[in-house]
Amino acid sequence: MYLKSLYAKNFRNFKTLKLDLEPGINLILGDNGVGKTNLVEIVYFLSTFGSFRTPNDDDLVRFGESYFIISGMYGDVKVEVRYADKKKVLVNKVKQERLSNAFSTIPVIALTSSDLEIVDGAPVRRRRFMNIGISMYKRPYIDILSLYSRALKQRNSLLKHATTGKEISGIEIWEKQLAMNASPIVTARKDYINRLLHYAVPVFYSLTGQDIEIAYKEGADYENLMEQFKQMRKKEIERGYTLYGPHRDDIIFKTKGHSAKVSASFGIKRLITIALRIAQARMLTQIRGEEPILILDEMIGELDKEKLELLSDLLMDYEQVLIATTREDLQERGDYNIYRIEERDGAPFIRKGAETIHSI
Amino acid sequence: MKPPRVFSRLTESLQVLPGIGKKSAERMAFYLLSYPEEGMMIVESLEKVLSEIKFCSICGNITVEDPCSVCSSSDRDRKKICIVEKPMDVFAIERAGVFDGLYHVLGGLLSPLDGKGPEDLRIEEMVKRVKEGLNEVIIATNPTTEGEATAMFIRDILKTFNVKITRIARGIPVGADLDFADEITLLRAMEGRMEYKE
Ligand SMILES: Nc1ncnc2c1ncn2[C@@H]1O[C@H](COP(=O)(O)OP(=O)(O)OP(=O)(O)O)[C@@H](O)[C@H]1O
Ligand SMILES: [Mg+2]
Ligand SMILES: [Zn+2]
C-alpha cells in the first residue's frame, strides 16, 4: 500500500495543503527553507504521532495559529491527527483512546539528518531508535515502556526525598514494578538488535565493503536487578535517581573492531545510519508483510556517484519513497515523480510534474 | 488592572481540584459568571452532597445511609471482598452485575509522586476485615503502574493471613481505568481472576 494523498492545515509553513502522491519514487525539490522537510515531517507524524525534529508538538503549529490538522490516505485507511494543546488521533474517523493502538498504522521509516545522532549522539538517542523500531510491530511494547517509565518516576521521587543511611519505606514495591517491566523490555530489545544485525550486515557491506557489529549494552545486571538496587542504594540516594535499568541501556556499533562512535569517519557514520534505516525497513517488510513508506530527508546530498547508485538500487524494493533534496540532478536518474516547492509571497507553492500549481 | 479579589478567590479555589490549572479555572469561573443559574445549581448540589453524603464506615464507599446498601444487604456473600481504588469502581462493577460479595474502597493508590503512602489508604481497615474471617480477597485495582504496585503491596500484607488472594484478569487493557471498562470486559476480568502469588 502507499500514501495516496496528504492534507494539512496550519502545519509548519503550510496554511492549507492538499496533495496527491504517487507510488514509486517521489522527489521533493526546492531551495533551502521552502518546506521540503516540513512536508515529509507530516508523513512521519501520521505514522508515529511525533516529529523527528522536535519533541514539542507546539513547534509544528503554524506561527500565529493555535492548532494543526493533518491527515493521509494510506490505501483506504485514513489517519488523521488533530492537535490543539492535546493530540487526537483518528483512524477511519474513529477516535483512538490509546495512541499505542494506532502507532505505525501507516508504516514509515525515515532517514533524516538528525539520524546521525544514532551513531554519534547520547545513549537516549539509540534507545529511542530501538523503542520506535520495536513499537512498529509490537504495540504492547509501548504500554510496557510507559508502565516502566511511570514506575521509574515513582522510585526516583522516593530516592530524591530520601536521606542517606535511612530505610526508604515501600521502595521495594516500585523496584519490583521496575524489574517486572524491565524484563520484557530488555528481551524485546535484544531480540530486535539481533534481527536488525541480520539485515544491516549485508546492506552495510554492499555500501562499504566492510563489516558492521551491533551489540546490546545492558544498563543493569538483569539477572539480579533487585539485589543490585539493594547494594547500590547509597549511591542512588546520593544521586537522587535510579542508575540501573533499561533506561540506561545502550547500543554499540563497531566497524573494523572499534566503536564507531569513537573512531569511525564522518562518511562511515553516515553510511551506518543509512544501513540501519534500510535494515529497519527490510525487517519491517518481513515482519508485517507490507513495505513501509521510506522517507529520505537529505542525507544523500553528499554521497558519491557510486554510493548513490547503490542506494537507488536499494530503494527500488519499496512501493513508495519520498526524497526531499535540493539536488536538482537527481531527477535525471530515473522516472521519478517530481514535486517542486517554491515560495511565492512568503507562502509555499507545490508544483507536481508539469501539472498545475497546487495552491497552498 | 487585576481581576476583582472575589473573582481570584474563586479561581484559586477551583484550582484545588485535580487536573485543574490556572487557565481552566479561569475558563470555568467566566463560564459560571455568564450562566449564573447553572452556577447556583452547582452550589446547591454541592451543598447537598457535602451535607448528605458520607463514607460507609465498613467499605469506605460514598453513601447517604451508613452502612451503605451493599454492606447492609443480606443477599450478598459476606465472605468475599473486592478491593478497589475509588467509589466509582464499585459503581462500575455493580452496574455490570458481575460480583455478589462486598467491597473495600482504598481511597487512592500508592504514589510517592503525589505523596501518597500506605497510611493514606484504608489499609488498616482492610486488615481488620480480613482478620474477622474471609474466604477470598479480590484485588481489583487498575492495571496501571500504581494499581499494580498497590496490588502487590496488599498481597504482601495479606499473605500471612489464611485467605485466598486473587487478582482480576487483565481483560482490561494495560494502563486503562476500571471506570471506563465496558461490562463484558469487567465480566471477563472478574471471571478470569486468578490466584495472586509471587
Ligand atoms: N511553526 C512554523 N510556522 C510557520 N513556518 C514555520 C514553522 N516552523 C518552521 N517554519 C518555516 O519552515 C521553513 C523551513 O522549512 P523546512 O525545514 O521544511 O525547509 P527545507 O525545504 O527542508 O530546507 P532545507 O533544504 O534547508 O532542509 C522555514 O522557513 C521556517 O521559517
Ligand atoms: Mg530540510
Ligand atoms: Zn459499605
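In this predicted model, A:Ile28 has A:Ala324 of E13(A) as its bridge partner. That bridge belongs to a parallel pairing between E3(A) and strand E13 (residues 320-325) of chain A, which runs over six bridges. E3(A) also has a link to strand E14 (residues 337-344) of chain A, again parallel, this time through four bridges. Here A:Leu29 is matched with A:Arg340 in E14(A). As for how much cover the strand has, five of the six residues of strand E3 (residues 24-29) of chain A are buried, so the rest of the structure largely encloses it.

Chain A also holds an open sheet of six strands, paired antiparallel, and the order reads E2-E1-E4-E5-E6-E7. At the edges sit strand E2 (14-20) and strand E7 (94-95) of chain A, each of them pairing on one side only. Strands in a sheet are held to each other by backbone hydrogen bonds, whether parallel or antiparallel. Within this sheet, strand E4 (residues 68-74) and strand E5 (residues 77-84) of chain A run antiparallel and share seven bridges. To pick out one of them, A:Ser71 bridges to A:Glu80 in E5(A).

Two backbone oddities turn up in loops of chain A. A:Met299 has a phi near 65°, a positive value in a residue that is not glycine, and A:Asp345 likewise goes positive without being glycine, with phi near 50°. Their addresses are as follows: A:Met299 is in the loop between strand E12 (293-297) and helix H10 (305-315) of chain A, while A:Asp345 is in the loop between E14 and strand E15 (347-352) of chain A. As for their surroundings, A:Met299 has 23 other C-beta atoms within 10 Å, so it is buried. A:Asp345 has 5 C-beta neighbours inside 10 Å and therefore counts as exposed; the cut-offs behind these labels are 20 or more for buried and 12 or fewer for exposed.

On the domain level, chain A splits into domain 1 (1-107 + 290-360) and domain 2 (123-287). The C-alpha centres of domain 1 and domain 2 of chain A are 29 Å apart. Domain 1 of chain A puts 16 residues into the contact, and domain 2 of chain A puts in 15 residues. On the domain 1 side, H10(A) makes the largest contribution, with four residues. By class, that side of domain 1 of chain A comes out as nine nonpolar, four polar and three charged residues.

Now for the ligand. There are 16 residues around ligand 1, and those that come nearest are A:Asn13, A:Asn32, A:Lys36, A:Thr37 and A:Asn38. Helix H1 (residues 36-48) of chain A supplies the largest share of the shell, three residues. Sorted by class, the shell around ligand 1 has eight polar, four nonpolar and four charged residues.

Then there is the meeting of the two chains. Here 15 residues of chain A are in contact with 14 residues of chain B. On the chain A side, the elements that give two or more residues are helix H4 (140-160) and helix H5 (171-208) of chain A. H4(A) has the largest share of that side, at nine residues. The side of chain A that touches chain B divides evenly by class, into five nonpolar, five polar and five charged residues.

Chain B itself is divided into domain 1 (5-39) and domain 2 (74-195). Taken over C-alpha atoms, the centres of domain 1 of chain B and domain 2 of chain B are separated by 35 Å. Helix H3 (residues 36-52) of chain B is 17 residues in length, and from first C-alpha to last it reaches 24 Å, close to the 24 Å expected at 1.5 Å a residue. Of those 17 residues of H3(B), zero are buried, so the helix lies largely in the open. Chain B also has a cis peptide bond, from B:Asp66 to B:Pro67, with omega near -5°. B:Pro67 is found in the loop between strand E2 (62-63) and strand E3 (77-84) of chain B.

Terms used. Residues numbered from 1 in each chain as written. Chains lettered and ligands numbered in written order. Predicted model: local features only at pLDDT ≥ 70, side-chain atom pairs only at ≥ 80, totals over all residues. Near = placed C-beta within 6 Å. Nonpolar A, V, L, I, M, F, W, Y, C, P; charged D, E, K, R; others polar. Pairing = 2+ DSSP bridges. Contact = placed C-beta atoms within 7 Å. Domains from an automatic or database assignment. Expected span 1.5 Å × (residues − 1).
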